[in-house]
Amino acid sequence: MSSAERYNALKGIQDIYPPEIYIWQEVEKTARDVFSTYGFQELRAPIIEPTDIFVRSIGETTDIVEKEMYTFSDKAGRSITLRPEGTAPLVRCYVQNHLYNLPSPQKFFYSGPMFRYERPQKGRFRQFYQIGVEALGSSDPKLDAEIISMLKLFFERLGLKELNYDVNSIGCEKCRPDYKISLLNFFSDKIDRLCPDCKRRYEYNPLRILDCKVDECITLKAGAPRVIDFLCGGCRAHFDVVLSLLNLLNVPYEINTNMVRGLDYYTRTTFEVTTKQLGAQNAVAAGGRYDRLVEEFGGPPTPAIGFAIGMERVVELLQSSNKQDIPNPKVFIATIGAPAEKESLIIANKLRENGVWVEIGYAGNSLKSQLRKADRLSSDYVLIIGDDEISSGKVKWKHLSDGTQGEIPFSEVYDFLT
Ligand SMILES: [Zn+2]
Ligand SMILES: [Zn+2]
């Protein structure tokens, strides 16, 4: 290992810096703007939590808990986990702080890093970012439809239109047991041919066989019973209203009966937004109802629903659509000589006080190299100040993209540029 490699970031963990960071900021800002029009407010839960929070909520036999969590002991021997997802910490916070006493539904959004020890592959990182929302305290199917159409508005604002909206209902604790039995019957003579993960899923969590991506399992699940055929009256009615409201709101959804989601806490509505543009790793957002989770954490019965958006994939989609707005300085002040350098600091300060992005030359660079820098930064304007300009009281300006130029008195620079 060379000394340079020795100081590299951890495997599977990426740095994010300009110009790509501007796409991230655009996505984050769009999410805030759109979600706030639906009344979602920001909630910041910690990145580390007691391990039990995740084991209890996500489920002991899920891939996340079994294989992927960053779990370690702190100095007092407590088991700590870096959050692998955002829902469990938010629900823990909701219960611990009695937020259920506030008017329902309470609507929150969060954004930040999540951590999973996965095999590094293209588009997958061990520290990855999600923006998510959770609405707690209502089982009204209006909320389900509203949240899915909010997601659609978010993607449209970003200019991403060719996305698929898959929806499903995976029932409740009343109707799912019957479905599980029928699924177990279906796979009982196929266990030997299932992948090792699905062999275990057969024992602990047979629904998850349905979203296995291994070829053999995909073949084997053809003709499997469909969860929506087993829904109880309540779940069926709920799902039907969700679908009719999605029609009303012009969400171009498809029912995908294989989409069961990887976490144990989901009930009723589940949904995914997918794209074919990124190859096999194709979900850009996913979510669902979790009507029992608040109770699992010791809170009162509180039906809830949420989703999470995978930032890396949305950023990748925006990059591939070449839709990138890189901000640039408005003014570059090039100077010749010490008096001009001082003057440039005064002008720069005043412009910055008025919210203008100003760059100046450093270290006595030649005029030529300063102009080259202004060009590389794609500055809108260059101001040129030398001894002549100081004595005449006028500054030379040039608009870099259209080539127009002229001279204005120092006192008019501010009006000219702001
Ligand atoms: Zn049900
Ligand atoms: Zn499998």
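What radius of gyration does the protein have, and what would a compact globule of 418 residues have? The protein has 28 Å, against a value near 22 Å for the globule. Hi everyone, and please keep in mind that this is a predicted model.

Let's stay with the overall picture for a moment. Taken along the principal axes, the C-alpha atoms fill a box of roughly 90 × 55 × 45 Å. The domain assignment gives two pieces: domain 1, covering 8–161 + 268–320, and domain 2, covering 331–417. Their C-alpha centres are 46 Å apart. For secondary structure, we have 16 helices and 16 strands. Of the 418 residues, 36% are buried. And if you take contacts between residues at least 6 apart in sequence, 70% of them join residues at least 24 apart.

Now to the sheet that I'd like you to find on the screen. Eight strands form an open sheet with mixed pairing, and the order is S1-S5-S6-S11-S10-S9-S7-S8. S1, which is residues 41–42, and S8 are the edge strands, each pairing on one side only. S1 runs parallel to S5, residues 106–115, and two bridges join them. One pair to look for is glutamate 42 with its bridge partner in S5, phenylalanine 109.

Two helices lie across this sheet. H5 lies across S5, S6 and S11, and runs at about 40° to S6. H12, residues 311–320, lies across S6, S10 and S11, at about 50° to S11.

H5 also turns up in the next stop, helix H3, where it is among the elements that cover the buried residues. Which residues of H3 are buried? In this helix, residues 51–58, they are Phe54, Ser57 and Ile58. They cover an arc of only 80° around the axis, so they sit on the same side of H3. Besides H5, the cover includes strand S2, helix H4, strand S4 and helix H11. Right after H3 comes glycine 59, with a positive phi near 110°.

Next, a single residue in a loop: tyrosine 266, between strands S8 and S9. Is tyrosine 266 buried or exposed? It has 25 other C-beta atoms within 10 Å, and the cut-off for buried is 20 or more, so tyrosine 266 counts as buried. Leaving out residues up to four places away in sequence, tyrosine 266 touches Ile170, Arg261, Gly288, Arg289 and Tyr290. Valine 242 is 24 residues away along the chain, and its C-alpha atom is 16 Å from that of tyrosine 266.

My last stop is strand S14, residues 381–385. Five of its five residues are buried, so the strand is largely enclosed by the rest of the structure. In a regular strand, side chains alternate between the two faces of the sheet. Here Tyr381, Leu383 and Ile385 point one way, while Val382 and Ile384 point the other way.

Which strands does S14 pair with? S12, residues 331–335, pairs with S14 in the parallel sense over five bridges. S15, residues 394–399, runs antiparallel to S14, with four bridges joining the two. If you'd like to click on particular pairs, threonine 335 has isoleucine 385 as its bridge partner in S14, and leucine 383 has tryptophan 397 as its bridge partner in S15.

That's my tour, thanks for listening!

Methods: Residues are numbered from 1 along each chain as its sequence is written. Chains are lettered from A and ligands numbered from 1 in the order in which they are written. A residue is buried if 20 or more other C-beta atoms lie within 10 Å of its own, exposed if 12 or fewer, and partly exposed in between; C-beta atoms are placed from the backbone. Two strands pair if DSSP finds at least two bridges between them. Domain bounds come from an automatic or database domain assignment. The arc is that of the directions from the helix axis to the C-beta atoms. Two residues are in contact if their C-beta atoms, placed from the backbone, lie within 7 Å. The radius of gyration is taken over C-alpha atoms; the globule rule is 2.2 Å times the number of residues to the power 0.38. Axes are lines fitted to C-alpha atoms, for helices over the stretch in contact, and angles run from 0 to 180 degrees between N-to-C directions.
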